[in-house]
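User: I am new to this structure and would like a close look at a single part of it. Please take one strand and follow what surrounds it.

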Amino acid sequence: MNPILSVGIRILRKGGKVDMKCVICKKGETRNGKVTVTLERGGSTIVFKRVPANICANCGEEFVDEKTTSGLLKSAEEAMKAGVQVDIREYMAA
Ligand SMILES: [Zn+2]
């Protein structure tokens with residue numbers, strides 16, 4: 001089975017953690033915010049809205065922490081297994 005891919009956002013997989021300093025530009029500090037995460041696999045697309053994230057004040061890069069990421073991947077996995085092609089949902093913390 002192909003892995004689920006995230007589109008346009010940096011998600012941190014196992015062992016990853018969100019730093020206060022942006023790892024992309026190494027200048028900006030990250031602050032809490034809400035982002036939209038799009039996950040894709042094959043022909044399926046699941047969009048989660050209002051996902052808690054850390055956003056770089058300098059370059060705008062968005063980071064979602066490991067715990068949130070694993071929740072998103074699990075939900076997306078279930079939806080894709082159920083045959084969902086496209087879905088847009090509000091993020092709900094486990
Ligand atoms: Zn940055």
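Analyst:
**Strand β4 and its surroundings**

R50 is found in strand β4. This is a predicted model, and R50 makes a good way in. R50 has a positive phi of about 60°, although it is not a glycine. Is R50 buried or exposed? R50 is partly exposed, because 13 other C-beta atoms lie within 10 Å.

Now to the partners of β4. Strand β3 covers residues 30-41 and β4 covers residues 44-56. These two strands pair in the antiparallel sense, over eleven bridges. One pair to look for is K34 and P52: P52 in β4 is the bridge partner of K34. Two residues separate β3 from β4, and the two strands form a hairpin. In that turn sits G42, with a positive phi of about 55°.

β4 also forms a hairpin with strand β5. Strand β5 spans residues 62-64. Here too the sense is antiparallel, with two bridges. N54 stands opposite F63 in β5. Five residues lie between β4 and β5. G60 is in this turn and has a positive phi of about 85°.

Strand β6, residues 86-90, is another partner. β4 and β6 run parallel and are joined by five bridges. Within β6, D87 stands opposite I46.

E90 is a useful residue to pick out in strand β6. E90 counts as exposed because it has 8 C-beta neighbours inside 10 Å. Setting aside residues up to four places away in sequence, E90 touches K49 and R50. So the tour comes back to R50, which E90 touches. E90 can also be set beside T36. The two are 54 residues apart in sequence, and their C-alpha atoms are 9.2 Å apart in space.

Next, the nonpolar core. Which residues make up the largest one? The twelve residues are V37, L39, I46, F48, V51, A53, F63, V64, L72, A76, M80 and Y91. Two or more of these residues come from each of β3, β4, β5 and α1. The largest share is that of β4, with four residues.

Helix α1 covers residues 66-81, 16 residues in all. From its first C-alpha to its last, α1 reaches 22 Å. That is close to the 22 Å expected at 1.5 Å a residue. T68, T69, L72, A76 and M80 are the buried residues of α1. They cover an arc of only 100° around the axis, so they lie on the same side of α1. On the other side, K74, E78 and K81 are exposed. After α1 comes G83, with a positive phi near 90°.

A76 shows where the helix meets other parts. Leaving aside neighbours within four places in sequence, A76 is in contact with I4, L39 and I46. I46 also stands opposite D87 in β6. Both A76 and I46 belong to the largest nonpolar core.

One last residue is worth a look beside R50. K26 has a positive phi, near 60°, and is a residue other than glycine. K26 lies in the loop between β2 (10-11) and β3. K26 is exposed, because 11 other C-beta atoms lie within 10 Å. R50, by contrast, is partly exposed and sits in strand β4.

Methods:
Residues numbered from 1 in each chain as written. Predicted model: local features only at pLDDT ≥ 70, side-chain atom pairs only at ≥ 80, totals over all residues. Pairing = 2+ DSSP bridges. Expected span 1.5 Å × (residues − 1). Buried ≥ 20, exposed ≤ 12 C-beta atoms within 10 Å, placed from the backbone. Arc of directions from axis to C-beta. Contact = placed C-beta atoms within 7 Å. Core = buried A, V, L, I, M, F, W, Y, C linked by C-beta atoms within 7 Å.
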